[in-house]
Amino acid sequence: MSKLSLREVSCAFGDTLAVDRISLDIAEGEFVSLLGPSGCGKTTTLRMIAGFIRPTHGTIAVGGRVLSTPESSLPPERRGMSMIFQSYAIWPNMTVAENVGFGLAIRGLGASEVRAQVDRMLGVVRLGDLRERYPAELSGGQQQRVALGRAMVVNPEVLLLDEPLSNLDANLREEMRGEIRRLHEEFRYTTVYVTHDQAEAMATSDRIVVMNRGRIEQVADPFTLYNRPRTRFVAGFIGRTNFLAGRCNGGALHFAGFSLPAAPLTPRPEEGAPVLLSLRPQYLRLSGEAAPATAPWRLQGRILHRTYLGEQWDYLVEPAPGAAPLRVVAPPTAVHEVGASVRIEIDPAQVAVLEAGAD
Amino acid sequence: MTLGGAVRGRLAGGIVARLRHFDPTILIWLAIAAVLILLVVNPLFRLILTSLQDPVTGALTFDHYIYAYGRQRHLTALLYSLWLGLAVAAISVVLAVPIAWAVSRTDMPGKGATRILLLGAFITPPYLGAISWILLAGPNAGWLNQVWRFLTGAEAALVNVYTFWGLVIVIALYSFPYVFIFTTAALDVVSSEMEDAANILGAGKWQTTFRITLPLVLPAILGGAMVTFLEAIALFGTPALIGLPARFTVVTTQLYQFFSHPVRVEAAAAYAMPLLLVTVLLFWVQQRLLRRKGFVALTGKGGERRPIRLGRWRWALLGHTWLVLSLAVILPYAVLAQAAFAKAWGQGFSFGNLTLANFGYLLFEHQSAARSVLNSFTYGAATAFLAIGLGLAVAYIAVRRLVPFARVLSFLAMAPFVIPGIVLAIGFYAAYAPPPLSLYGTSTILILAFATRFLPIAYANSAAAVRALNPEMEDAVRILGGTRMTAIRRVVAPLLKQSLVGAWLLVFIPATRELSTALFLSGPNTRVMSVMLFDLSEEGKFEHLSALGLMLLVVTVVIVAVGYRVIGRDFMLRQQGSG
Ligand SMILES: Nc1ncnc2c1ncn2[C@@H]1O[C@H](COP(=O)(O)OP(=O)(O)OP(=O)(O)O)[C@@H](O)[C@H]1O
Ligand SMILES: [Mg+2]
């Protein structure tokens, strides 16, 4: 049975539908990310789970108990959850130890018990020697750790994080996301993590929920999401890709300027139907005409443009005269001159068939 | 959907579930709404009702309007108020704009002292200024005239404060700081780059100032001028002290005369309407004027700002500044202090003339003066607590949108801003003086009226403070298991402490010196200092008057100085937005 479950949850602010009938089940101990562009409804979803916002449609249940319906909503203070906010929301009028101990004191624990648990948690988040400092005297990363410690020390039913790393610089962000994953592995709290940074979601999550305009586009583990995106939006949002739009006719896929056999593709497109494919630049290979061909799909192309990035080459290749160019990433040793004729090899097993028609 | 239906069935299964999720904030909303209706809506409603009702039968009648506007004297007073307002506004602009420009944009020396003296003018109760100016420019014994006669041997007086223009100048000397505040606020965000742009195109220093800078801040100047206009027409003390001996009345003094026996509240209510309507209208215009941000061209960061080098002109500006400040602060304070410590103020500055007897008389002999000092400060403190409590509650609910229609509450909390004090007093009189409450003359009605009058200050400051507070701080308390009240107690209150101390002082200071509201509502035991001063002025003992005034002034200065230290340099000269 799932720990946290959302059933057809919507939230409208006046005329704008911020969240549009999303359903989601999260297992006990699972780490799930909500990923999507700005304004797609991630924060709204998270705040509905926390109980700050009431859904305008649907229900939210934790451990089988319904907490939110459009008619009534258990207030956040009675949900036993924890949340980490984008601004950290560390209370500047309390010391580190008071911040971390607050939730325990509210729960009525005795002073010595609070102290023991705070000490243990400060050790876990590596803040042991800063316990009497005020937040104004802490660095951004240390404040973030206080927020983590404060949220986890109460042993929450569900841990919610809203873009917790977006105020940190790049290096610290990478360090802290490792920290968050480490702490999750240690405590295994059921976690919902909101971010618009795909690398962050991939690095931390068991599963990722990709959202767009208030709807769920796809829910999958990071590997599947990258290699088997289901919609054009997901393919474009997670990493870079090439789109090929065409039609399936007589066992072949017809694109502007060239055709490819449909047979090796799974799932095999229907006859007569429009087709949309996603080809990652990393999975395309360029080779000189003399080299032996290995992949089932081969195209004769011409280099239009190239950029040398040290670790790799970025090529822009025209797969057929007049056809839309494809982006290809090649190792630094694969040198091709602009204007040269090259063979593009494609492994159909690495090609994702997208739901045509969806944008 | 079936699942949702089942769930809903389970929830609806009992009133218990409903109660469990019941939100008690709605009760608080209702309580606050009720208080605001009592304080703001009811007095206004009763004011209008009183003006239209026959006091005996309760029937609709226009008799009170016919009486109020049917006499030449009453109409003349209306006209006098209009001219008074316009003249004060014009003179205030002339006094204030050069000083504002000099302080904000130039290298004029002595800016710090200028600001302090301006603050002095701003916190001086206008009626104290009027008393000082009677000592300075009374036709016979006034200091200026004495010096004039001594120097020239002339018989005639140089200046006479007991004239219309005397009244205008005295009011303008204590209203011009409003124009200063508005203008500097706007000038402070005009960046030097904007002026440089004109310089590069070949405009000289003066051309730039008059063609670029001043037009940019014109809406602010007009906004300030409107405030002084409204101040002038709503002012009671100065027109009473200067106008009544000079035998002319303005609207406010005429309203006061309706309250001398026999009391004609109905006529007063009818006669107060133009004052109310003009105020509402002008504030509306002013808001629209200042809202056109594009015109004020706020560059946000303010850009780089370099003071303009004045060269020889600095002496002209310095002269203007110090002349104005001498007339508003230095001379008046000097003569007030002299009279307070003098046996007879007309005998001048000499050791033989020095005495503490005036203070002794007020504090130990006079039957109610000492009491009035105590009253002023206790009522002021009670007012400040009440106004801040209410203003903060409304601000918190409105900013956090805790309930639907929170905007109604904030609108009501801001509404007294456009009600002149004297009109509010008549409204309170009409609403709460008669039975069943019969609050006339009690400290309750004074504190309630003061709190209502200064509620907008409390609300605007509280709202600004709450807005600056990240709501996630409170969300963090709640998700960890604390209620909203816990969040308010443990996080909101400690974080707002400092801004609330500032707001408290901003209410306390005007509440301790409020005259027009107090005059209509206080009784024999609830007289406050301002009313006491007014009563003493009728006895003509200027030494006692000055001693009491000086006490008020000294305490005010001390409190403002404390505020200066605790809250920061500009806490009173900031533009008090109507936010
Ligand atoms: N209180 C509100 N009133 C009106 N509209 C709102 C409110 N809160 C959010 N919205 C709207 O709902 C939509 C979703 O907002 P939400 O904050 O959930 O986005 P988000 O995915 O968290 O974006 P970001 O990555 O920028 O934080 C947006 O279009 C936003 O403008
Ligand atoms: Mg967000």
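**Exercise 1. A nonpolar surface patch on chain B**

Determine whether B:V562 is buried or exposed, or partly so, in this predicted model, and identify the patch that includes this residue.

*Solution.*
Step 1. The relative accessible area of B:V562 is 43%. Buried requires a value under 20% and exposed a value over 50%, so B:V562 is classed as partly exposed.
Step 2. B:V562 is located in helix α26 of chain B.
Step 3. Together with B:V501, B:V554, B:V558 and B:V566, B:V562 makes a nonpolar surface patch of about 370 Å².
Step 4. Helix α26, spanning residues 542-567, gives the most to this patch, with 4 residues.

**Exercise 2. The wider setting in chain B**

Describe the secondary structure, burial and surface of chain B.

*Solution.*
Step 1. Chain B contains 26 helices and 0 strands.
Step 2. Of the 579 residues in chain B, 54% are buried.
Step 3. The accessible surface of chain B amounts to about 25,400 Å², and carbon and sulfur atoms account for 68% of that area.
Step 4. When contacts in chain B between residues at least 6 apart in sequence are considered, 77% of them join residues at least 24 apart.

**Exercise 3. A buried isoleucine in a loop**

Locate B:I419 and list its contacts beyond the neighbours within four places in sequence.

*Solution.*
Step 1. B:I419 belongs to the loop that runs between α19 (406-414) and α20 (421-432) of chain B.
Step 2. The relative accessibility of B:I419 is 4%, so this residue counts as buried.
Step 3. With neighbours up to four places away set aside, the contacts of B:I419 are B:L44, B:L276, B:L424 and B:R453.
Step 4. For the pair B:I419 and B:L276, the separation is 143 residues in sequence but 6.0 Å in space, C-alpha to C-alpha.

**Exercise 4. Salt bridges between parts of a chain**

The structure holds 26 salt bridges over all chains. For the pairs A:E30 with A:R207, A:D206 with A:R181, and B:R484 with B:E474, state the N to O distance and the location of each partner.

*Solution.*
Step 1. The closest N and O atoms of A:E30 and A:R207 are 2.5 Å apart. A:E30 sits in the loop between β2 (16-26) and β3 (31-35), whereas A:R207 sits in strand β9 (residues 207-212), so this salt bridge ties together parts of chain A that are 177 residues apart in sequence. A:E30 is buried at 12% relative accessibility, while A:R207 is partly exposed at 25%.
Step 2. For A:D206 and A:R181, the closest N and O atoms are 3.3 Å apart. A:D206 occupies the loop between α6 (198-204) and β9, and A:R181 occupies helix α5 (residues 170-187); the pair therefore ties together parts of chain A that are 25 residues apart in sequence. A:D206 is partly exposed at 26%, and A:R181 is buried at 16%.
Step 3. B:R484 and B:E474 form a salt bridge of 3.8 Å, N to O. B:R484 is in helix α23 (residues 484-513) of chain B and B:E474 in helix α22 (residues 471-479), 10 residues apart. Both partners count as buried, with relative accessibilities of 19% for B:R484 and 1% for B:E474.

**Exercise 5. A buried glutamate without a salt bridge**

Which side chains make polar contacts with the side chain of A:E217, and which side chain of opposite charge is nearest?

*Solution.*
Step 1. A:E217 lies in strand β10 (residues 215-220) of chain A.
Step 2. A:E217 is buried and has no salt bridge; A:R215, the nearest side chain of opposite charge, is 7.3 Å away. A salt bridge needs the N and O atoms within 4 Å.
Step 3. The side chain of A:E217 makes polar contacts with the side chains of A:N212 at 3.4 Å and A:T231 at 2.8 Å.
Step 4. Beyond four places in sequence, the residues that A:E217 touches include A:V210, A:M211, A:F233 and A:V234.

**Exercise 6. Backbone geometry**

Where is the cis peptide bond between B:P435 and B:P436 placed, and what are the phi values of A:R21 and A:R188?

*Solution.*
Step 1. Most residues other than glycine have a negative phi, and most peptide bonds are trans.
Step 2. The cis bond joining B:P435 and B:P436 has an omega of about 10°, and B:P436 lies in the loop between α20 and α21 (443-467) of chain B.
Step 3. A:R21 has a positive phi near 45° and is found in strand β2 of chain A.
Step 4. A:R188 has a positive phi near 60° and lies in the loop between α5 and β8 (190-195) of chain A.

Note on methods
Residues are numbered from 1 along each chain as its sequence is written. Chains are lettered from A and ligands numbered from 1 in the order in which they are written. This is a predicted model: local features need pLDDT of at least 70, side-chain atom pairs count only at pLDDT 80 or more; totals for chains, interfaces and linings use all residues. Side-chain values use heavy atoms; hydrogens and water are left out. Helices (H or I, at least four residues) and strands (E, at least two) are DSSP runs, numbered from the N terminus. Buried means under 20% relative accessible area, exposed over 50%, partly exposed in between (1.4 Å probe, protein chains only). Lys and Arg count as positive and Asp and Glu as negative; His and the chain ends are not counted. A polar contact is a pair of N or O atoms within 3.5 Å; within protein, one must be able to donate a hydrogen and the other to accept it, and residues adjacent in sequence count only if both atoms are side-chain atoms. Contact means heavy atoms within 4.5 Å. Patches are made of residues with over 30% relative accessible area and no salt bridge: like charges are joined within 9 Å, nonpolar side chains (Val, Leu, Ile, Met, Phe, Trp, Tyr) within 5 Å. Accessible areas come from the Shrake-Rupley method with a 1.4 Å probe; for residues, only the protein chains shown count as cover.
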